[in-house]
Amino acid sequence: MYSKFYTTIIAALSIACTSLHAQNIFPSTGAAGIGTITPDASSLLEIKSTTKGLLIPRMTQTQRNAITSPATGLMIYQTNATPGFYYYGGGGWKSVAGKAWNLTGNSGTDSSINFIGTTDANPLVFRVNNVKSGYIDYSAQSLNTALGFKAMLVNSTGITNTSMGYTSLYSNTSGSYNAAFGVDALYFNTTGNFNTALGTFALTNNNTGTGNVGVGLNALVYNGTGNNNTAMGTNVLYNNTTGYDNTANGYEALYSNTMGYYNTANGAYAGYNNSTGTGNFLGGYYAGYNDNSSYNTMIGIEAGYYESVVNGSNNTYIGYYTGPTSSGFFNSAAIGSEATPTASYQMRFGDASVSSIGGTVGWSTLSDGRFKKNIHKDVHGLDFIKLLRPITYTLDIAALNKQTGADKKIGSLNAAAHSAESEGIAKQEKNIYTGFVAQEVEAAAKKVGYN
């Protein structure tokens with residue numbers, strides 16, 4: 001009986017060992033094979049199959065976290081809460097995929113260890129439709145950053161440039177220290193340096209110009225070789241091509257400037273029609289709007305605006321609507337609202353409604369005998385005075401304004417300003433003055449031969 005029992009056990013073990021030998025081999029190398037009798041010598045376990053896979057334990061995140069004292073390297077497949085393969089890294093469970101950036105976003109990132117980028121000194125390049133659309137360069141010889149379709153596309157030796165926006169700094173080859181933000185910003189720049197363009201089409205056509213700042217839509221859009229210009233606002237210095245050292249702030253300020261230089265314009269439309277004028281200072285809405293001359297100072301809303309002063313120069317207009325009503329004045333000045341000079345080398349203070357001009361002391365006229373020549377005692381006295389007719393009179397302000405052209409300015413005022421001006425004129429016309437009639441004084445002078 002016992003003999004039969006042992007015989008049966010030995011037979012069963014023999015069959016089992018024979019079956020195991022077909023799938024599991026333990027050669028001297030210590031390797032085991034499943035599905036193969038010749039496991040690779042470098043492996044501890046080799047599994048071969050063309051119809052089945054390896055299935056490791058599957059569990060939820062809660063079940064995974066409940067494993068007691070997991071061994072470092074223990075692996076499971078998590079079925080919920082970001083499913084995937086996880087391994088125990090000694091300090092916690094980690095995804096086998098690490099922190100790969102998913103198309104639908106990631107969670108649980110650690111900014112101290114997770115990042116997008118390279119781990120060597122090679123640039124990080126972005127492509128869209130296999131076209132270069134951005135890169136960040138680490139090289140100490142480059143330090144360029146470009147983001148946007150074809151941004152800084154052909155840059156070769158330019159360094160320390162920053163370009164953000166569709167085709168910004170597109171043509172740059174060796175220009176350096178430029179910053180371009182916006183569609184086509186600094187698009188044609190090739191060798192220009194130290195430029196800053198912020199806004200769609202800002203400094204688009206700049207080629208070799210250096211030290212320019214364009215902020216706003218179309219700011220300095222046509223500048224090609226002009227240097228050291230500053231434009232802030234939509235269409236500011238729009239047509240500038242070669243002009244330099246200009247500063248303009250405000251909608252379409254110095255819009256028509258092409259080659260003028262040393263101009264400063266602050267205010268919407270200030271210096272709008274200036275194209276070649278030089279050395280102007282224009283401050284205020286529409287200040288110097290039609291001016292295209294040089295070395296003028298116009299400060300105030302529409303100062304120097306009313307009519308063109310083409311070819312005039314060295315004029316000073318300060319105050320609302322100050323300036324002439326004809327062109328070509330030189331060295332004229334107008335101070336005070338609507339003050340209107342009528343000739344070159346003439347100064348005017350205030351308009352016709354002003355009733356008093358003065359100060360705590362009278363006007364002083366420089367007088368020094370050291371600089372007076374051809375002195376003669378040929379001044380007429382009583383014979384001239386006896387011919388004069390002293391009178392009292394009032395002024396016809398309306399006729400006076402028509403003569404100087406100031407009536408056109410008054411006619412363009414808004415209702416409130418027009419009312420105030422009319423009130424001032426009415427008050428001025430009631431004042432009684434003493435003096436002479438200019439034409440009678442001239443006639444008396446001629447009669448006694450006094451020029």
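**Exercise 1. Find the residue of strand 8 that stands opposite V125, and describe how the two strands of this hairpin are joined.**

Solution. In this predicted model, in which local features need pLDDT of at least 70, side-chain atom pairs count only at pLDDT 80 or more, and totals for chains, interfaces and linings use all residues, V125 stands opposite Y135 in strand 8. Residues are numbered from 1 along each chain as its sequence is written, and side-chain values use heavy atoms, with hydrogens and water left out.

Step 1 settles the terms: helices (H or I, at least four residues) and strands (E, at least two) are DSSP runs, numbered from the N terminus, and two strands pair if DSSP finds at least two bridges between them.

Step 2 applies them: strand 7 (residues 124-128) and strand 8 (residues 131-136) run antiparallel and are joined by 5 bridges. V128 has V131 of strand 8 as its bridge partner.

Step 3 looks at the turn: the hairpin has 2 residues between the strands, and N129 takes a positive phi near 55° there.

Step 4 follows the chain onward: strand 8 also pairs with strand 9 in the antiparallel sense, over 3 bridges, and I136 stands opposite T145 in strand 9. As general background, strands of a sheet pair through backbone hydrogen bonds, either parallel or antiparallel.

**Exercise 2. Give the strand order of the open sheet of 4 strands, and name its edge strands.**

Solution. Step 1: the order of this open sheet is 3-4-5-6, and the pairing is mixed. Step 2: the edge strands are strand 3 (58-59) and strand 6 (93-95), each of which pairs on one side only. Step 3: strand 6 pairs with strand 5 (residues 84-88) in the antiparallel sense over 3 bridges, and within this pairing Y88 stands opposite W93 in strand 6.

**Exercise 3. Decide whether G271 is buried or exposed, and list the residues that it touches.**

Solution. Step 1 places the residue: G271 lies in the loop between strand 16 (264-266) and strand 17 (281-283). Step 2 uses the cut-offs, by which buried means under 20% relative accessible area, exposed means over 50%, and partly exposed lies in between (1.4 Å probe, protein chains only). G271 has a relative accessible area of 0% and therefore counts as buried. Step 3 turns to contacts, meaning heavy atoms within 4.5 Å: not counting residues up to four places away in sequence, G271 touches L254, Y255, L282, A287, G288 and Y289.

**Exercise 4. Compare the settings of S293 and Y295, and state what is notable about phi in Y295.**

Solution. Step 1: S293 lies in the loop between strand 17 and strand 18 (297-299), and Y295 lies in the loop between strand 17 and strand 18 as well. Step 2: S293 is buried because its relative accessible area is 3%, whereas Y295, at 48% relative accessibility, counts as partly exposed. Step 3: the side chain of S293 makes a polar contact with the side chain of N296 at 2.8 Å. Such a contact is a pair of N or O atoms within 3.5 Å; within protein, one must be able to donate a hydrogen and the other to accept it, and residues adjacent in sequence count only if both atoms are side-chain atoms. Step 4: phi of Y295 is near 60°, which is a positive value in a residue other than glycine.

**Exercise 5. Describe how helix 4 and helix 6 pack, and sort the residues of their contact.**

Solution. Step 1: helix 4 (residues 397-404) and helix 6 (residues 415-429) pack at an angle of about 120°, with their axes 10 Å apart. Here the axes are lines fitted to C-alpha atoms, for helices over the stretch in contact, and angles run from 0 to 180 degrees between N-to-C directions. Step 2: helix 4 contributes I397, A398 and N401 to the contact, while helix 6 contributes I425, Q428 and E429. Step 3: these residues divide into 3 nonpolar, 2 polar and 1 charged, where Ala, Val, Leu, Ile, Met, Phe, Trp, Tyr, Cys and Pro count as nonpolar, Asp, Glu, Lys and Arg as charged, and the others, Gly among them, as polar.
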